[in-house]
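The following note goes through a protein–DNA model point by point, for a colleague who has the coordinates open. Please read each point against the structure shown here.

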Protein chains: 2
Amino acid sequence: MTLTNSEENYLKAIYHLSEAGKKSVSTNDIASSMKTKPASVSDMIRKLGAKEVINYRKYYGVQITEEGQNYALQVIRKHRLWEVFLVDKLKFNWDEVHEVAEQLEHVRSPLLTQRLDEYLNFPKFDPHGDPIPDEFGDVKARPRISLSEMEVDQAGQIVAVKDSSAAFLRYLDKVGAYIGARIKLLDKVEFDGSIEILVDQKTLFMSKDVASNILIVVS
Amino acid sequence: MTLTNSEENYLKAIYHLSEAGKKSVSTNDIASSMKTKPASVSDMIRKLGAKEVINYRKYYGVQITEEGQNYALQVIRKHRLWEVFLVDKLKFNWDEVHEVAEQLEHVRSPLLTQRLDEYLNFPKFDPHGDPIPDEFGDVKARPRISLSEMEVDQAGQIVAVKDSSAAFLRYLDKVGAYIGARIKLLDKVEFDGSIEILVDQKTLFMSKDVASNILIVVS
DNA sequence: ATTAATTTTTAGCTATATCTAAATAGTTAC
DNA sequence: GTAACTATTTAGATATAGCTAAAAATTAAT
Ligand SMILES: [Mn+2]
Ligand SMILES: [Mn+2]
Ligand SMILES: [Mn+2]
Ligand SMILES: [Mn+2]
């Protein structure tokens, strides 16, 4: 069973919105995440339903099937492996990789995916800290919380970002926040949720909005 | 100006059939080279004409324009760079790369192409011996003749193959012919054009059909 | 110079992927 | 429990890319 590039993009969006198959997903949510119109989504989910990668009951949203999850995970695997390739081998900055990976993830060649994985030394995480599914679709899950959920005096390590947009990532570069950095929450302003953290002997202030897009493993 | 993937594939075919813009190309030739029908080609060349990458006069075939040649050369450049990547870095055999490169050549990212070129150390030829255009579309041309055109006792070096099909390349692997091999023509059968050559102290017999798909620089 | 053969184009159909506008189903508020 | 609002689907367009069958133009043969 094969999907078109566009079908793969929709399926991937549905997988992410469903939080790995846990929730059902609405037409409007798919439309806004894909930047298309609800009418286009209605057409597409009918097709994805026919191909049995989602269960679709008119007016009641969609659930991704087991088969759909496996398919989505293979696309995500390719996306993240290419991102690692671009950063590790071609010296792309982490804010330059997403769009290119959006294209590369659709290249169809199981041999290519396997060899790329090998060449990159079987990486477990992409440049944004997201886990890379293995060839069977298995993902190493870590218990992560967002920086905005931490308590004052708690320490931990930045392990991922929720937002992979160039604007956000360049801001993190500028202030000196990066995947792997050890941090400690120094202060939290109750009024607006903005925080003060310690990173590499430096004090950093950030808004709640920024903090909520940084993921931490507490330790 | 951007072309769709399908338009890029047609333009590349037209470029190759025209021998780098030297000849005009017929609808039927494009159709057979693209494995589509003449009716589909008529539609496509009308579109390519509108985008001014070819000159098209109904019933009189097409000529690729200057702009069309530059565009085609950039696609060819990407195709061949990816082939080098697959063979040099991912240990693909030379008969496994063409189909994958057909997909990768359409990835749109000037930065990717430039960095890939750099990463591969600015290769001048692909795994089949075809020259890789530089970023300006300039190609290093070498005076090559086919093995079937050589004279008895002439010596030279295999520099490229005309046919990149897996079947042909695996046959060459089996008999021990490869790009870079020094050869000498020992004998030629007038009746059917079949030949006998010396490669690495070994004598090899091959049909005219095979010999005409092997390109030589005489020396 | 006609006629015949070949090549090319056009007409009309299918499939994908998108859109806007209109219709309809479902949900919420009173 | 009906009215109002919101979400979703359907209808009808447009654009791409392919096909077959029929028409038209070019080229070749007599
Ligand atoms: Mn990404
Ligand atoms: Mn994509
Ligand atoms: Mn291609
Ligand atoms: Mn090649």
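1. The surface near DNA strand D is made up of 10 nonpolar, eight polar and four charged residues. This is a predicted model, and the distances below should be read as computed from it. Of the 22 residues around DNA strand D, those that come nearest are Ser42(A), Tyr56(A), Lys58(A), Thr4(B) and Ser40(B), a list that draws on chain A and chain B. Where the strand comes within 4 Å of the protein, 82% of its atoms belong to sugar or phosphate, and the rest belong to bases.

2. Individual contacts to the phosphates of DNA strand D can be named on each chain. On chain A, a polar side-chain atom of Lys58(A) lies 2.4 Å from a phosphate oxygen of the strand, while a polar backbone atom of Asn28(A) is 2.9 Å from a phosphate oxygen. On chain B, an N or O atom in the side chain of Tyr10(B) is 3.4 Å from a phosphate oxygen of DNA strand D. The elements that give two or more residues to this surface are helix H2 (27–34) and helix H3 (38–50) of chain A, together with helix H1 (5–17) and helix H3 (38–50) of chain B.

3. DNA strand C may be treated in the same manner. Of the 23 residues around DNA strand C, Thr4(A), Ser40(A), Lys47(A), Tyr56(B) and Lys58(B) come nearest, and sugar and phosphate account for 76% of the atoms of the strand that come within 4 Å of the protein. By class, the surface near DNA strand C has 10 nonpolar, eight polar and five charged residues.

4. Contacts to the phosphates of DNA strand C can also be listed by residue. A polar side-chain atom of Ser6(A) lies 3.0 Å from a phosphate oxygen, and a backbone N or O atom of Lys37(A) lies 3.1 Å from a phosphate oxygen of the strand. From chain B, an N or O atom in the side chain of Thr27(B) is 3.1 Å from a phosphate oxygen of DNA strand C. Helix H1 (5–17) and H3 of chain A, together with helix H2 (27–34) and H3 of chain B, are the elements that give two or more residues to this surface, and the largest share, five residues, comes from H3(A).

5. Which protein atoms are the donors of the manganese ion (ligand 4)? They are Glu83(B) (OE), Asp126(B) (OD) and His128(B) (ND1), which lie 2.1 to 2.4 Å from the ion, and in sequence these donor residues are spaced E-x42-D-x1-H. Glu83(B) lies in helix H4 (residues 66–89) of chain B, whereas His128(B) lies in the loop between helix H6 (110–119) and strand S3 (145–146) of chain B, so the pair ties together parts that are 45 residues apart in sequence. Both Glu83(B) and His128(B) are buried.

6. The manganese ion (ligand 2) has its protein donors on chain A, namely Asn9(A) (OD1), Glu102(A) (O), Glu102(A) (OE), Glu105(A) (OE) and His106(A) (NE2), at 2.1 to 2.5 Å from the ion. The spacing of these donor residues in sequence is N-x92-E-x2-E-H. Glu102(A) has a relative accessibility of 24% and so counts as partly exposed, whereas Glu105(A) is buried, with a relative accessible area of 0%.

7. Helix H7 (residues 166–175) of chain B has Phe168(B), Leu169(B), Leu172(B) and Val175(B) as its buried residues. Seen down the axis of H7(B), these fall within an arc of 130 degrees, so they line one face of the helix. An α-helix has 3.6 residues a turn, so residues three or four places apart point the same way. On the other side of H7(B), Ala167(B) and Lys174(B) are exposed. The cover over the buried residues of H7(B) includes strand S4 (155–161), strand S7 (202–206), helix H8 (208–211) and strand S8 (214–218) of chain B. Just after H7(B), Gly176(B) takes a positive phi of about 90 degrees.

8. Ser146(A), in strand S3 (residues 145–146) of chain A, is buried, with a relative accessible area of 4%. The side chain of Ser146(A) makes a polar contact of 2.8 Å with the side chain of Ser148(A). Leaving aside residues up to four places away in sequence, Ser146(A) touches Ala211(A), Ser212(A), Ile214(A), Leu215(A) and Ile216(A).

Methods:
Residues are numbered from 1 along each chain as its sequence is written. Chains are lettered from A and ligands numbered from 1 in the order in which they are written. This is a predicted model: local features need pLDDT of at least 70, side-chain atom pairs count only at pLDDT 80 or more; totals for chains, interfaces and linings use all residues. Side-chain values use heavy atoms; hydrogens and water are left out. Donors are N, O and S atoms within 2.8 Å of the metal (3.2 Å for Na, K and Ca); water is not among the atoms, so sites may look incomplete. Helices (H or I, at least four residues) and strands (E, at least two) are DSSP runs, numbered from the N terminus. Buried means under 20% relative accessible area, exposed over 50%, partly exposed in between (1.4 Å probe, protein chains only). A residue is near a molecule or strand if one of its heavy atoms lies within 4 Å of it. A polar contact is a pair of N or O atoms within 3.5 Å; within protein, one must be able to donate a hydrogen and the other to accept it, and residues adjacent in sequence count only if both atoms are side-chain atoms. Ala, Val, Leu, Ile, Met, Phe, Trp, Tyr, Cys and Pro count as nonpolar, Asp, Glu, Lys and Arg as charged, and the others, Gly among them, as polar. The arc is that of the directions from the helix axis to the C-beta atoms. Contact means heavy atoms within 4.5 Å.
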